[in-house]
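Here is a short tour for anyone meeting this structure for the first time. Take a look at it before reading on.

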Amino acid sequence: MNKITWAEVGHVTEPGQYRYRFGFVIVSANDIAIWQRYPNAAFTVIEPSVYAEQRIFKLGTVELRDATGSSRDDDH
């Protein structure tokens, strides 16, 4: 599964749609709050339907990573 980090979306600070690969990714205020607390966290990327007119990706399960490198998966 593809994962995305805060750095890959440019450390965004506001919710919205942002360029990602060949489309856009939707980032919510909750996603940003997680990244602010865990800057190394990685979200699973949910790809749009192949039948969708626009390629808009969504964020799914988050893997929390702290400064020590330990991690755990949480549904978000």
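What follows goes from the overall layout to the strands, then the core and the aromatic rings.

This is a predicted model, so to speak of a local feature takes a pLDDT of at least 70, and side-chain atom pairs count only at pLDDT 80 or more, while totals for chains, interfaces and linings use all residues. Residues are numbered from 1 along each chain as its sequence is written, and side-chain values use heavy atoms, with hydrogens and water left out.

**Layout**

The chain has one helix and six strands, where helices (H or I, at least four residues) and strands (E, at least two) are DSSP runs numbered from the N terminus. Going along the sequence, you meet them in the order β-β-β-α-β-β-β. Of the chain's 76 residues, 33% are buried, meaning under 20% relative accessible area with a 1.4 Å probe and protein chains only. The accessible surface is about 5,100 Å², and carbon and sulfur atoms hold 50% of it; the areas come from the Shrake-Rupley method with a 1.4 Å probe. Look at contacts (heavy atoms within 4.5 Å) between residues at least 6 apart in sequence, and 42% of them link residues at least 24 apart.

**How the strands pair**

Two strands pair if DSSP finds at least two bridges between them. Here are three such pairs.

| Strands | Sense | Bridges | Opposite residues |
|---|---|---|---|
| β2 and β3 | antiparallel | five | Gln17 and Ile26 |
| β1 and β4 | antiparallel | three | Ile4 and Phe43 |
| β4 and β5 | antiparallel | four | Ala42 and Glu63 |

β2 and β3 make a hairpin with two residues between them, and Arg21 in the turn has a positive phi of about 50°. As for β4, four of its five residues are buried, so the rest of the structure largely encloses this strand.

**The core**

Which residues touch the most other members of the largest nonpolar core? They are Ile4, Val25 and Trp35, in a core of 18 residues. Such a core is a set of buried Ala, Val, Leu, Ile, Met, Phe, Trp, Tyr and Cys residues joined through side-chain atoms within 4.5 Å. At least two core residues each come from β3 (23-27), α1 (29-37), β4 (42-46) and β5 (56-65), with β5 giving the largest share, four residues. Leaving out residues up to four places away in sequence, Val25 touches several others, including Ile4, Val9, Tyr20, Phe57 and Leu59.

**Aromatic rings**

Rings of Phe, Tyr and Trp (its six-membered ring) pair if their centres lie within 6.5 Å; planes under 30 degrees apart count as stacked, over 60 as edge-to-face and the rest as tilted. That rule gives three aromatic pairs. In one of them, the ring centres of Tyr20 and Phe57 are 5.2 Å apart and the planes sit at 85°, so the pair is edge-to-face. Tyr20 belongs to β2 and Phe57 to β5, so this pair ties together parts 37 residues apart in sequence. Tyr20 is buried at 6% relative accessible area, and Phe57 is buried at 3%.

Trp35 and Phe43 are edge-to-face too, with centres 5.0 Å apart and planes at 85°. Both Trp35 and Phe43 are buried, and they form one aromatic cluster with Trp6.

Finally, the charged end of Arg19 sits over the ring of Phe24, 5.0 Å from its centre; this takes CZ of Arg, or NZ of Lys, within 6 Å of the ring centre and within 35 degrees of the ring normal.

Notes: Buried means under 20% relative accessible area, exposed over 50%, partly exposed in between (1.4 Å probe, protein chains only).
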